[in-house]
Amino acid sequence: MAAINIPVVLVFSGSDPTGGAGIEADIETLTSLGCHAAPVITAVTAQDTFSLKEFAVMDASLVVAQARAVLEDIPVAAVKIGMLGATSVVAAVASILDDYPSIPVVLDPVLATNAGQPLGEAALEDAMRALLLRHTTMVTPNCDEARLLSPEGDSLDACGQAMLSAGCEYALITGTHDHTRDVVHRLYGGTRLLETYTFERLPGHYHGSGCTLASAIAGNLAHDLEPANAAANALDFTWKTLKHAHRLGMGQYIPDRMFWARDTDND
Ligand code: PLP
């Protein structure tokens with residue numbers, strides 16, 4: 001058997017039947033980046049490419065059982081956290097991470113769909129700030145999520161600092177939901193703004209861009225990249241998945257995480 005390095009990424013995420021966001025996006029992204037995804041289902045959503053119809057969150061004990069089954073069997077190189085849906089699930093994930101302090105963790109603080117429909121209880125951001133940020137290597141909020149996670153912040157820079165003070169190592173605030181001409185992403189670490197990344201703003205509305213980005217960062221960390229390089233590579237990969245996105249339904253575009261494998265021009 002050939003010896004190839006396929007790092008395993010444990011993913012906490014909800015299911016999206018369109019295949020655009022959620023665990024389906026995570027598995028595709030990680031597979032595309034040469035990782036193996038170990039998916040822990042936290043919730044099931046019913047949605048199309050326009051809107052969310054309903055969702056049900058898993059019992060916290062079943063989330064714990066899924067994660068512990070994997071962690072006790074397979075060496076995990078990174079953890080990616082997406083939709084958690086309930087504060088009981090946030091607490092359960094935090095208690096698992098207490099036992100694995102050396103595994104890098106990427107937290108996509110999923111609070112709502114891209115169209116703004118809530119994907120969990122109202123107190124979710126408070127629980128994430130109190131229980132999860134201290135376990136987090138890199139948190140990846142968009143501007144709206146950054147303001148919710150750090151309500152005392154009166155600017156994006158202040159929000160970045162506040163998330164670092166709450167215990168995460170790096171905060172990548174994405175600019176997709178901002179109203180700037182180009183999309184500007186900001187990476188904070190230590191006690192300051194480390195880097196900005198500017199991308200051409202693409203015209204469509206996308207379903208699963210945040211999931212793709214956070215999984216791509218986790219995949220790059222699992223391949224042992226330094227966090228700032230992992231973020232830069234993941235932003236570049238995600239932009240390409242959006243550039244090659246397909247309108248498979250009648251609403252938002254679905255990123256093509258396998259764009260490089262198609263028989264077309266894939267710059
Ligand atoms: N996770 C699940 C299960 C979802 O349904 C959604 C959005 O619909 C998200 C995460 C966040 O998606 P996005 O990456 O578009 O912000």
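Visitor: Two strands pair if DSSP finds at least two bridges between them. Got it. Which residue in β2 stands opposite Gly 14?

Guide: Ala 43 stands there. Keep in mind that this is a predicted model.

Visitor: Noted. How many bridges are there between β1 and β2, and in what sense do they pair?

Guide: There are eight bridges. Strand β1, residues 8–15, and β2 pair in the parallel sense.

Visitor: What is the order of the whole sheet?

Guide: The sheet is open and has nine strands. The order is β3-β2-β1-β4-β5-β6-β7-β8-β9. Pairing is mixed.

Visitor: Which strands stand at the edges?

Guide: β3, residues 52–57, and β9 do. Each has a single partner strand, so one side of each has no neighbour in the sheet.

Visitor: Let's go further in. How many bridges join β1 to β4?

Guide: Four, and these two strands run parallel. One bridge matches Val 11 with Lys 80 in β4.

Visitor: And from β4 to β5, how many bridges?

Guide: Three join β4 to β5, which covers residues 105–107. This pair is parallel too. Look for Ile 81 in β4: it stands opposite Leu 107 in β5.

Visitor: Are the residues on the two faces of β4 buried or exposed?

Guide: They are buried on both faces. Ala 78 and Lys 80 are on one side. Val 79 and Ile 81 are on the other. In a regular strand, side chains alternate between the two faces of the sheet.

Visitor: Which way do the residues of β7 point?

Guide: Tyr 170 and Leu 172 point one way, while Ala 171 and Ile 173 point the other way. All of them are buried.

Visitor: In which sense do β6 and β7 pair?

Guide: In the parallel sense, over two bridges. Strand β6 is just residues 138–139. Val 139 has Ala 171 of β7 as its bridge partner.

Visitor: And how do β7 and β8 run?

Guide: Antiparallel, with four bridges joining them. Strand β8 spans residues 183–189. Tyr 170 has Gly 189 in β8 as its bridge partner.

Visitor: New topic: the ligand. How many residues surround the ligand?

Guide: 15. The closest are Gln 47, Asn 114, Gly 208, Gly 210 and Cys 211.

Visitor: Which element gives the most to that shell?

Guide: Helix α7 does, with three residues. Both α7 (209–222) and β2 (36–47) supply at least two each.

Visitor: How do the shell residues divide into nonpolar, polar and charged?

Guide: Five are nonpolar and 10 are polar. None is charged.

Visitor: How far is a polar side-chain atom of Asn 114 from an oxygen atom of the ligand?

Guide: The distance is 3.0 Å. A backbone N or O atom of Gly 208 lies 2.8 Å from a ligand oxygen atom. For Ser 209, a polar backbone atom is 3.4 Å from a ligand oxygen atom.

Visitor: What percentage of the ligand's exposed area does the protein bury?

Guide: It buries 96%. The ligand taken alone exposes 400 Å².

Visitor: Switching again. How many aromatic pairs does a search of the whole structure find?

Guide: Three. One of them is Phe 237 with Phe 259. Their rings are 5.8 Å apart, centre to centre, with 50° between the planes, which makes the pair tilted.

Visitor: Where in the chain do Phe 237 and Phe 259 sit?

Guide: Phe 237 is in helix α8, residues 227–243. Phe 259 is in the segment after α8, 22 residues away.

Visitor: Does Phe 237 count as buried or exposed, and why?

Guide: Buried, because its relative accessibility is 8% and the cut-off for buried is under 20%. Phe 259 also counts as buried, at 6%.

Visitor: Now loops. Where is Asp 224 found?

Guide: In the loop between α7 and α8. Asp 224 is exposed, with a relative accessible area of 68%. Its phi is near 75°, a positive value in a residue other than glycine. Most residues other than glycine have a negative phi.

Visitor: Last one: where is Pro 203 found?

Guide: In the loop between β9 (192–199) and α7. Pro 203 counts as exposed, at 76% relative accessibility. Pro 203 and Lys 243 are 40 residues apart in sequence. In space they are 9.4 Å apart, C-alpha to C-alpha.

Methods:
Residues are numbered from 1 along each chain as its sequence is written. This is a predicted model: local features need pLDDT of at least 70, side-chain atom pairs count only at pLDDT 80 or more; totals for chains, interfaces and linings use all residues. Side-chain values use heavy atoms; hydrogens and water are left out. Buried means under 20% relative accessible area, exposed over 50%, partly exposed in between (1.4 Å probe, protein chains only). A residue is near a molecule or strand if one of its heavy atoms lies within 4 Å of it. A polar contact is a pair of N or O atoms within 3.5 Å; within protein, one must be able to donate a hydrogen and the other to accept it, and residues adjacent in sequence count only if both atoms are side-chain atoms. Accessible areas come from the Shrake-Rupley method with a 1.4 Å probe; for residues, only the protein chains shown count as cover. Ala, Val, Leu, Ile, Met, Phe, Trp, Tyr, Cys and Pro count as nonpolar, Asp, Glu, Lys and Arg as charged, and the others, Gly among them, as polar. Rings of Phe, Tyr and Trp (its six-membered ring) pair if their centres lie within 6.5 Å; planes under 30 degrees apart count as stacked, over 60 as edge-to-face and the rest as tilted.
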